[in-house]
Amino acid sequence: RRRHWRALLVVLAGVVALVAAAGFGTPALRPIGVALTLVGLIAIAVVELGARNLRITRAIDRDTIVAGEPIRATVRLSGPAARWHLINLLDWDAHAGAPNGCSERALAPVRRGADVIQPVVISGLPRGEHTLAAPWVGLGDPFGLVRVRRAVRTSNTVLAMASTVPVALPF
């Protein structure tokens, strides 16, 4: 998913300011028009460049748990955006794809080599078999003008079993 409409409105406002500076004889609008146009275009370019070759993988610590126990998942971001630290310029958040009704809490991201690893704790899984949705990353510029969502088509299955109760035998 891509949302560029805010950035396009900023670019349009910049173009209107440039036209007004040329047509109405107000040269003070020229720097504002240039700045608005450049901010909008650079925001689109940086976010699209960061999202272009971003590779997302997810790993979970175990496939079978006791109902209610948390699962630790890791979302690994790799590619040129992570390698060149472009992702540090962007406002991003990684999601492991928790099932509906479960909470997902992201921990502090860690850099390992050229990759960025985002640990995520998924908790609140009820008893039964659950399929984790596709992991995704939302990327945006610091001004909030552009937002891009990248997802991967993959799934993991987690089995949450009922907790066992120790039974004492009177022998």
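Helices here are DSSP runs of H or I with at least four residues, numbered from the N terminus. Keep in mind that this is a predicted model.

**The two helices**

Let's start with α1 and what follows. Just after α1 ends, G25 takes a positive phi of about 70°. Here is how α1 and α2 compare with their expected lengths:

| Helix | Residues | Span, first to last C-alpha | Expected span |
|---|---|---|---|
| α1 | 19 residues | 26 Å | 27 Å |
| α2 (29-52) | 24 residues | 34 Å | 34 Å |

So much for length; now for what each helix hides. In α1, the buried residues are A7, V10, V11, G14, A17, A20 and A21. Part of their cover comes from α2. An α-helix has 3.6 residues a turn, so residues three or four places apart point the same way.

α1 also has a side that shows. W5, L9, L12 and V16 make a nonpolar surface patch of about 430 Å². L9, one of these, sits in helix α1 and counts as partly exposed because its relative accessibility is 49%, in between the 20% and 50% cut-offs.

Over in α2, the buried set is G33, T37, G40, A43, I44, V47, E48, G50 and A51. Their cover includes α1 (5-23), along with β1 (2-3), α3 (80-83), β10 (136-140) and β11 (147-151).

**A closer look at V47**

What does V47, in helix α2, touch beyond its neighbours within four places in sequence? The contacts are L90, L139, G140, D141, V146 and V148. V47 counts as buried because its relative accessibility is 0%, under the 20% cut-off. One of those contacts is a long way off along the chain: V47 and D141 are 94 residues apart in sequence, yet their C-alpha atoms are 6.3 Å apart in space.

**A buried aspartate**

Now for D115, which lies in strand β8 (residues 115-123). Is D115 buried or exposed? With a relative accessible area of 18%, D115 is buried, because the cut-off is under 20%. Its side chain has a polar partner: a polar contact of 3.0 Å joins the side chains of D115 and R76. R76 also turns up among the residues that D115 contacts outside its neighbours within four places in sequence, and the others in that list are L77, S78 and V110.

Conventions:
Residues numbered from 1 in each chain as written. Predicted model: local features only at pLDDT ≥ 70, side-chain atom pairs only at ≥ 80, totals over all residues. Heavy atoms only, no water. Helix = DSSP H or I, 4+ residues; strand = E, 2+ residues; numbered from the N terminus. Expected span 1.5 Å × (residues − 1). Buried < 20%, exposed > 50% of the residue type's maximum accessible area, 1.4 Å probe, protein only. Contact = heavy atoms within 4.5 Å. Polar contact = N/O pair within 3.5 Å; in protein donor to acceptor, adjacent residues only side chain to side chain. Patch = residues over 30% accessible without salt bridge, like charges linked within 9 Å, V, L, I, M, F, W, Y side chains within 5 Å. Areas by Shrake-Rupley, 256 points an atom, 1.4 Å probe, with all protein chains shown as cover. Salt bridge = Lys/Arg side-chain N within 4 Å of Asp/Glu carboxyl O.
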